[in-house]
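Biologist: Before we discuss any labels, could you put the sequence and the structure in front of us? I would then like to ask how each label is reached.

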Amino acid sequence: MIQEGTEKIKDIIEDDVWGTIKKFLDLGYQFGEGEKSIHITVGLLLLLTIAFLLTSTVLQGIRRFFTRNMETDDKLKFISIFKFIKYLVYVVVILFTMSAAGINITILITASAALFVGLGLALQEIFQDIIGGIFIIVDKSLRVGDIIEIDNKVGKVFEIKLRTTRAVTRDDKVIIIPNHKFISDIVYNYTQNHKTTRESIQIGVAYGSDVELVTRLLLEVIKSHRNVLKSPKPFVIFEDFGDSALIFVLNFYITDSFSVPRIKSELRYKIDAEFRKHKVTIPFPQRDVHIYQQGTLRNE
């Protein structure tokens, strides 16, 4: 009796309960005919939903694992790139789930091949920008606050996104830089290693000037400026004997290379005032013209 009851319960579960669930999961629509048909069912949609939830949970755990010890700037950049990776993973999960459910995904891939080729050509530069953004994250070649020079423009980076980087120039204009520029062009990063940079001013004085006096005046001017570092020490180089002047180069160190034009202007004002005070002449270009008379003009 017990065995018969158990078998009846088993039959009821298999035929009635599980049969009803299976029929419900098999409900759906069929597109196409024969081998090229695609059958979208409730079971497939449910399977895709579960796969999405599991994938989202795993990706969230991976993101938290990698960003737990990152600085705020690096974390924001990583999250931007991770969003792009997440979308790619979702596409792979959809295709894999549909394949596991018995759907021939080759049909879908073949049907959308032309579309993918067209999108690839149209979005080629965008993908290059995204790859450039990924490289920026990986090798840390650029950070918010860095001062860079690209295409003869100097700017201070204030925002790094997945596709573009934004910087403000010295004349307070925003320059938007596609990220592929950082992997294809030469970019100068003034603050990659540290904030201190060495700058210089070239000065020409008249021949016959007291070179020791010129050196002393330049060092006095540079040491009195508030934005110039005391260490490393500024120094003067007697660079060359020019065509019209003795060429000196005043070298100094600062921590605000973004304000270099203003600092150099202030120093030139002070140098000019000191030279006038001590009778040191800054010459203008001169040329000696020699005229040779080859013969005497005769009137015929």
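Modeller: Please keep in mind that this is a predicted model. A good place to begin is Phe238, which has a relative accessible area of 36% and is therefore called partly exposed.

Biologist: What makes Phe238 partly exposed, rather than buried or exposed?

Modeller: Buried requires a relative accessible area under 20%, and exposed requires one over 50%. The 36% of Phe238 lies in between, so the label is partly exposed.

Biologist: Why is Phe241 called exposed?

Modeller: The relative accessibility of Phe241 is 57%, and because this is over 50%, Phe241 counts as exposed.

Biologist: Why is the pair of Phe238 and Phe248 called stacked?

Modeller: The ring centres of Phe238 and Phe248 are 4.6 Å apart, and their planes stand at 15°. Centres within 6.5 Å make a pair, and planes under 30 degrees apart make it stacked, so both conditions are met here.

Biologist: What does the pair of Phe238 and Phe248 tie together?

Modeller: Phe238 lies in strand S9, residues 235-241, while Phe248 lies in strand S10, residues 246-254, so the pair ties together parts that are 10 residues apart in sequence.

Biologist: Is Phe248 buried or exposed, and how do you know?

Modeller: Phe248 has a relative accessibility of 1%, and because this is under 20%, Phe248 counts as buried.

Biologist: How many aromatic pairs does the rule give?

Modeller: The count comes to two aromatic pairs. One of them joins Phe238 and Phe241, whose ring centres are 5.3 Å apart with planes at 55°; this angle is neither under 30 nor over 60 degrees, so the pair is tilted. Ring pairs thus link Phe238, Phe241 and Phe248 into a cluster.

Biologist: Let us turn to the strands. How do you know that strand S4 and strand S5 pair?

Modeller: Strand S4, residues 153-160, and strand S5, residues 164-169, share five bridges in the antiparallel sense, and because at least two bridges are needed, they count as paired. Across from Lys156 stands Val168 in S5.

Biologist: What makes strand S6 and strand S7 edge strands?

Modeller: Five strands form an open, antiparallel sheet in the order S6-S5-S4-S3-S7. Strand S6 (174-178) and strand S7 (188-189) each pair on one side only, and these are the edge strands.

Conventions:
Residues numbered from 1 in each chain as written. Predicted model: local features only at pLDDT ≥ 70, side-chain atom pairs only at ≥ 80, totals over all residues. Heavy atoms only, no water. Phe/Tyr/Trp six-rings, centres within 6.5 Å; stacked < 30°, edge-to-face > 60°. Buried < 20%, exposed > 50% of the residue type's maximum accessible area, 1.4 Å probe, protein only. Helix = DSSP H or I, 4+ residues; strand = E, 2+ residues; numbered from the N terminus.
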